[in-house]
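User: Please take a close look at how the helices pack against one another. Include whatever pocket and loop details help to complete the picture.

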Amino acid sequence: MTKPKQVKNIAELADIAGVTAGTVSRALSGKGFVSEKTRERIRALAQKHRFRPNTLARNLRTQRTGAVTVLIPLGHEQAQHLSDPFFMTIIGHLADGLTERGYELILSKIIPNSDDWLEAYIESGRADGVIVIGQSDQAEILDRAAKNYLPLVAWGGYYPGQSHCSVGSDNFLGGALAANHLVEQGCKKIAFFGDPVALEIRQRLEGCQDALAKHGAKYEPRIFPIHLDAELSDEDISNLLDTDGFRPDGIVAASDVIAMSAVAALAEHDIDVPGDVKIIGYDDLPIATQTSPRLTTIRQDLKDGARQMVECLVKRIAGEETASIVMKPELIVRRST
């Protein structure tokens with residue numbers, strides 16, 4: 001069955017509905033006099049033809065809300081909680097920055113169940129702008145929304161041709177720093193713990209693979225798609241140690257939470273860190289100094305990243321374009337390596 005033609009503007013929808021553009025505008029905005037029957041018919045046609053008005057243009061004509069929405073889309077990792085140490089850290093920095101700018105923060109966890117979840121949220125008009133924490137596997141959705149909605153900024157990786165504005169660390173470089181450090185510490189059997197379905201994790205894996213390839217084929221890492229959620233990653237790693245014959249002497253973990261789970265699981269199997277296995281995480285969250293041993297990790301400056309996201313969003317709310325920002329990560333050496 002052929003899909004109905006997608007409508008790109010109010011004039012096209014008005015032509016299909018047999019009414020004026022003004023009637024369509026009033027029907028979709030809920031403002032002004034339009035009979036309920038006409039309103040329902042136009043909204044049904046808009047849904048059928050996948051039409052969403054340009055929200056940026058509407059916002060410039062209407063009063064601001066004084067609020068910014070922070071969305072956390074869990075596309076590939078639906079079991080994660082808002083209490084995750086990474087989310088709590090970056091949300092705290094964002095809350096400070098937005099409050100200083102006079103904005104209220106609205107927080108929402110999203111389980112994407114359709115390709116238009118972000119556009120639908122934007123169309124609700126609940127906030128003056130949107131910050132998305134983590135691209136998950138939703139980078140294409142962010143790109144599509146960004147083409148019609150300016151005040152949108154995401155935390156995450158950057159890739160050539162990207163449409164949406166992102167702020168984040170150079171994940172490729174971070175992965176390379178981690179791999180090189182393990183090789184320098186004498187590791188030869190290296191594992192990567194993390195699911196590369198997510199853009200940031202995939203970039204970290206690619207950096208790790210590139211660095212190890214330069215040391216020779218014998219250093220090619222084995223990849224294990226460990227969950228980001230602490231409880232699930234504990235189970236993943238324990239099951240791996242129980243059933244897989246591979247015993248790495250070095251682990252590049254895609255996050256500090258995964259690295260922390262690896263330390264605990266190895267201890268339960270009487271495998272010493274760093275004596276038998278050296279582990280390096282990613283993020284440098286506060287928990288990195290609270291494990292035993294303390295985690296070697298790749299630091300991405302979440303405080304400065306949150307500040308730059310707020311600055312970009314404020315400019316975009318005012319109608320100014322901003323470029324994506326890629327921050328340089330830093331190797332922080334502690335006891336786990």
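Analyst: **Helix packing**

Helix α1 crosses α3 in a right-handed sense. The model is predicted. The two helices, α1 (residues 10-17) and α3 (residues 36-48), meet at an angle of about 120°, and their axes are 10 Å apart. That makes α1 oblique to α3, because angles from 65 to 115 count as roughly perpendicular and those over 145 as roughly antiparallel. On the α1 side, L13, I16 and A17 make the contact. On the α3 side, R41, I42, L45 and A46 do so. The class count for this contact is 6 nonpolar, no polar and 1 charged.

Next comes α8 with α9. Helix α8 covers residues 171-184 and helix α9 covers residues 199-213. Their axes are 6 Å apart, at an angle of about 45°. The pair is therefore oblique. The crossing of α8 and α9 is right-handed. From α8, the contact takes N171, F172, G175, A176, A179, N180 and V183. From α9, it takes E200, Q203, R204, E206, G207, C208, D210, A211 and L212. By class, the contact of α8 with α9 has 7 nonpolar, 5 polar and 4 charged residues.

The third pair is α5 and α12. They pack at about 45°, with axes 9 Å apart. That makes α5 oblique to α12. Here too the crossing is right-handed. Helix α5 brings F86, T89, I90, H93, L94, G97 and L98 to the contact. Helix α12 brings L302, K303, A306, M309 and V310. These residues divide into 8 nonpolar, 3 polar and 1 charged.

This pair also leads to a pocket. The second largest pocket holds about 230 Å³ of space. Two elements each give two or more residues to its lining: α5 (85-100) and α12 (302-317). Helix α12 gives the most, with 5 residues. The lining is made up of H93, D96, G97, E100, R101, K303, A306, R307, V310 and E311. H93, G97, K303, A306 and V310 appear both in this lining and in the contact of α5 with α12. The lining differs in class from that contact: the pocket has 2 nonpolar, 2 polar and 6 charged residues, while the helix contact has 8 nonpolar, 3 polar and 1 charged.

Away from the helix contacts, a few backbone details deserve a look. Most residues other than glycine have a negative phi, and most peptide bonds are trans. The loop between α11 and β9 holds D270. D270 is not glycine, yet its phi is positive, near 60°. P274 sits in the loop between α11 (256-268) and β9 (278-283). The bond from V273 to P274 is cis, with omega near 10°. The loop between β9 and β10 (296-299) contains P293. S292 and P293 are joined by a cis peptide bond, with omega of about 5°.

To pull the helix pairs together: α1 with α3, α8 with α9 and α5 with α12 are right-handed crossings. For the pocket, start from α12, which gives the most to the lining.

How values were computed: Residues numbered from 1 in each chain as written. Predicted model: local features only at pLDDT ≥ 70, side-chain atom pairs only at ≥ 80, totals over all residues. Heavy atoms only, no water. Axes fitted to C-alpha atoms, helices over the stretch in contact; angles between N-to-C directions. Helix = DSSP H or I, 4+ residues; strand = E, 2+ residues; numbered from the N terminus. Parallel < 35°, antiparallel > 145°, perpendicular 65-115°, else oblique. Left-handed = near helix turned anticlockwise from the far one by under 90°. Contact = heavy atoms within 4.5 Å. Nonpolar A, V, L, I, M, F, W, Y, C, P; charged D, E, K, R; others polar. 1 Å grid on protein atoms, 1.4 Å probe; cavity = no way out; pocket = protein on both sides within 12 Å on 5 of 7 lines; lining within 4 Å. Points joined across faces, edges and corners; volume = space filled by probe spheres on them.
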